[in-house]
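This report describes one protein, beginning with its overall form and ending with a single residue. Please keep the sequence and the structure in view while reading.

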Amino acid sequence: MRVVVAVLAAWLVGCVSTGQASYDTLQGEVDRAGVADARAGAEDDGALGGAVLERLTYVRVVLRRNPSVESARQGWRAAVARVRQAGWLDDPMVALEVAPLSIGSSSAPFGYTAMVSERLPWPGKLSLDESVARAEAEASRSDFDATRLDLALTASLLYDQYFVAVRSLEINAQHVALIRELKAGALAQFASGRASAQDPLQAEAELTHLEHDAVILASQREITVAQMNELLHRDPDLPLPAPTKDVSVSAAPDSSSTKHLADEAAKRRPEIESTRLHARAEQARAERAGRDSYPDLAVSTSYNSMWDTPEHRWMVGLSVSLPIVTGRRAGAVDEANAARARFDSETARLTDKARTEVVVASKRLEESAHVLHLYEERLLPVARDQIDAARAGFISSRNDFVAVIGAEKNLRSVEL
């Protein structure tokens with residue numbers, strides 16, 4: 001009897017999971033992620049009401065206000081809650097039977113049977129259930145981080161569009177003023193008999209095109225503001241502060257730095273980490289399905305009032321499941337292994353993609369720095385000198401007004 005009790009005690013210890021501490025840690029991370037975002041409401045209102053809206057400020061406010069972040073956090077929270085549900089024994093079962101003919105009988109005492117039973121799964125099954133839930137919860141954390149990363153990228157690109165729209169409107173306004181000056185000069189030249197009537201008409205036509213462009217650019221700006229407000233979870237008609245006047249361009253990394261960045265992307269990109277964790281969850285699920293081939297125990301105790309011998313009325317029982325239907329269990333193992341292999345392949349694909357994106361981004365950054373230098377140091381000064389020369393030549397009658405308009409269009413194109 002002592003041996004039986006010792007075996008049952010060891011079995012029970014192997015069944016019990018220690019997942020509560022793990023759950024508390026995961027739940028604390030979820031709660032801290034929500035509290036950190038909730039504390040910055042006043043700072044956000046101040047940033048959106050200032051004179052200038054910085055890119056980093058806008059991205060931070062979006063990450064705190066956008067509902068998709070909270071939606072991803074609640075998905076993460078739900079996955080963490082499943083960790084708390086895993087690793088527990090089933091509730092005990094209570095059964096009660098009565099002998100209905102003994103109720104109110106004068107010839108027989110009231111007869112009944114009462115039983116309490118508890119199922120004890122094979123040691124390791126509950127801990128594997130918890131391992132699956134914990135890996136999926138950690139994958140949900142990576143999904144939460146990936147949502148924030150994608151949202152930050154979208155916000156940054158919208159900020160670029162906002163910057164371009166506002167700067168384009170400023171450039172357009174400068175050229176409207178320039179064309180008006182050129183038109184006034186053409187009228188003066190026409191009045192003095194040194195130009196044709198075609199010149200001020202051409203200036204007026206160009207001015208009309210610029211005013212039309214201004215309407216289009218203003219519409220693009222308002223559309224971008226509406227999209228930016230959508231990310232901020234605000235009314236689309238609300239105004240935003242003006243963007244910064246200049247956007248800095250970082251220096252392109254060298255080949256060794258690019259390789260280091262590619263390695264970091266492969267390690268730290270949240271979508272890659274999510275697929276790794278899903279693969280780990282499927283591995284644990286395959287092991288758990290394999291454990292189903294081992295039997296479970298059930299311990300029970302019962303009392304039967306209808307036994308004539310009092311010593312036979314209280315019973316203690318032990319039952320064992322017979323896992324003889326192997327097809328279903330083998331199928332579950334194969335399914336989990338296939339899912340793990342799929343996530344492993346997805347991890348490899350996303351890793352290759354991340355490395356490629358880093359290299360492509362580095363090359364594009366290098367190209368952008370070269371183009372920016374070319375425009376600022378060579379094309380823009382030449383375009384300004386061209387329009388100055390064309391205006392001077394028109395005033396001195398060395399070239400016609402078409403050359404002035406052409407130089408103005410070239411300058412506008414380079415500035416845009």
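## Overall composition and dimensions

The model discussed here is predicted. The protein contains 11 helices and six strands.

Along the principal axes, the C-alpha trace extends over about 140 × 55 × 35 Å. The radius of gyration of the protein is 38 Å, whereas a compact globule of 416 residues would have a value near 22 Å.

## Surface, burial and contacts

Of the 416 residues in the protein, 34% are buried. The accessible surface amounts to about 24,500 Å², and carbon and sulfur atoms contribute 58% of this area.

Among the contacts with a separation of 6 or more, 79% are between residues 24 or more positions apart. As for charge, the protein carries 48 positive and 59 negative charges, and the mean positions of these two groups are 2 Å apart.

## Pairing of the strands

Four of the strands can be followed from one partner to the next. Strand 2 (residues 93-98) and strand 3 (residues 112-120) run antiparallel and are joined by six bridges. Within this pair, Ala 95 is opposite Met 115 of strand 3. Strand 3 is also antiparallel to strand 5 (residues 297-304), with eight bridges between the two. Here Met 115 appears again, as the bridge partner of Ser 302 in strand 5. Strand 5 in turn pairs with strand 6 (residues 314-320) through seven bridges, again in the antiparallel sense. In this pairing, Val 299 is opposite Leu 318 of strand 6.

How many of the six residues of strand 2 are buried? The number is zero, so strand 2 lies largely in the open. A general point is useful when viewing such elements: side chains in a regular strand alternate between the two faces of the sheet.

## A buried residue in helix 6

Helix 6 (residues 125-191) includes Ala 186. Is Ala 186 buried or exposed? Its relative accessible area is 0%, and a residue counts as buried when this value is under 20%; Ala 186 is therefore buried.

Which residues are in contact with Ala 186, once its neighbours within four places in sequence are set aside? They are Ala 195, Asp 199, Pro 200, Phe 394 and Phe 401. A separate distance concerns Ala 197, which is 11 residues from Ala 186 along the chain: the C-alpha atoms of these two residues are separated by 8.5 Å.

Methods. Residues are numbered from 1 along each chain as its sequence is written. This is a predicted model: local features need pLDDT of at least 70, side-chain atom pairs count only at pLDDT 80 or more; totals for chains, interfaces and linings use all residues. Side-chain values use heavy atoms; hydrogens and water are left out. The radius of gyration is taken over C-alpha atoms; the globule rule is 2.2 Å times the number of residues to the power 0.38. Buried means under 20% relative accessible area, exposed over 50%, partly exposed in between (1.4 Å probe, protein chains only). Contact means heavy atoms within 4.5 Å. Accessible areas come from the Shrake-Rupley method with a 1.4 Å probe; for residues, only the protein chains shown count as cover. Lys and Arg count as positive and Asp and Glu as negative; His and the chain ends are not counted. The place of a charge is taken as NZ of Lys, CZ of Arg, CG of Asp or CD of Glu. Two strands pair if DSSP finds at least two bridges between them.
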